[in-house]
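Please examine the sequence and the structure shown below. The report that follows is meant to be read beside them.

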Amino acid sequence: MKTFVCGMCGYIHFGDDSPEECPICFSPKEKFTQNPEAIKKPADPGNLTDGDKKHIPEINVTKQDDEAIIKIDIGEIPHVMTSEHYITNIDVYLDNVIVLRTVFRPEAQKASIAIPVNISKVTELKVIENCNVHGSWMEK
């Protein structure tokens, strides 16, 4: 599976080809570029640095029957939220389809969200956060 990035809003698309239109900003297909390195990864996943721990989303799922509350915090170590360095957004994907983008402003207290989801037919959850300095990171 390839990754394509919207040049206007930074949305990341997973698939064999870019979408006809960005689901976030509605930019046309021509605004997408393929980028296999769009999502940053720790150099050593078994030995995370403090920088890794500040960027990798932490996900907690509370289930009850077919319903779940997905709580997402950015970083095992809280990320700074200053005008120079902050989390710009969190994108939530269910089965490779984006279902939510939450945008943060500098000076926000914390990059954190909680969403209810009907998980009866969901097979895969992905969470991507974007830092204005260090790029996009996905959960472990």
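The following paragraphs treat one histidine and then two cysteines.

This is a predicted model, in which local features need pLDDT of at least 70, side-chain atom pairs count only at pLDDT 80 or more, and totals for chains, interfaces and linings use all residues. Residues are numbered from 1 along each chain as its sequence is written, and side-chain values use heavy atoms, with hydrogens and water left out.

**The surroundings of His79**

His79 lies in the loop that runs between β6 (67-74) and β7 (87-94); strands are DSSP runs (E, at least two residues), numbered from the N terminus. With a relative accessible area of 10%, His79 is buried. Buried means under 20% relative accessible area, exposed over 50%, and partly exposed in between (1.4 Å probe, protein chains only).

The table gives two polar contacts of the His79 side chain. A polar contact is a pair of N or O atoms within 3.5 Å; within protein, one must be able to donate a hydrogen and the other to accept it, and residues adjacent in sequence count only if both atoms are side-chain atoms.

| Side chains joined | Distance |
|---|---|
| His79 and His55 | 3.1 Å |
| His79 and His85 | 3.3 Å |

Leaving aside residues up to four places away in sequence, His79 also touches others, including Lys54, Ile74 and Cys131; contact means heavy atoms within 4.5 Å.

**Cysteines**

A disulfide is a pair of cysteine sulfur atoms within 2.5 Å. By this rule, the count of disulfides is zero. For Cys22, the nearest cysteine sulfur belongs to Cys9 and is 3.5 Å away. For Cys25, the nearest is that of Cys6, 3.6 Å away. Cys22 is buried, at 0% relative accessibility, whereas Cys25 is partly exposed, at 29%.

Terms used: Helices (H or I, at least four residues) and strands (E, at least two) are DSSP runs, numbered from the N terminus.
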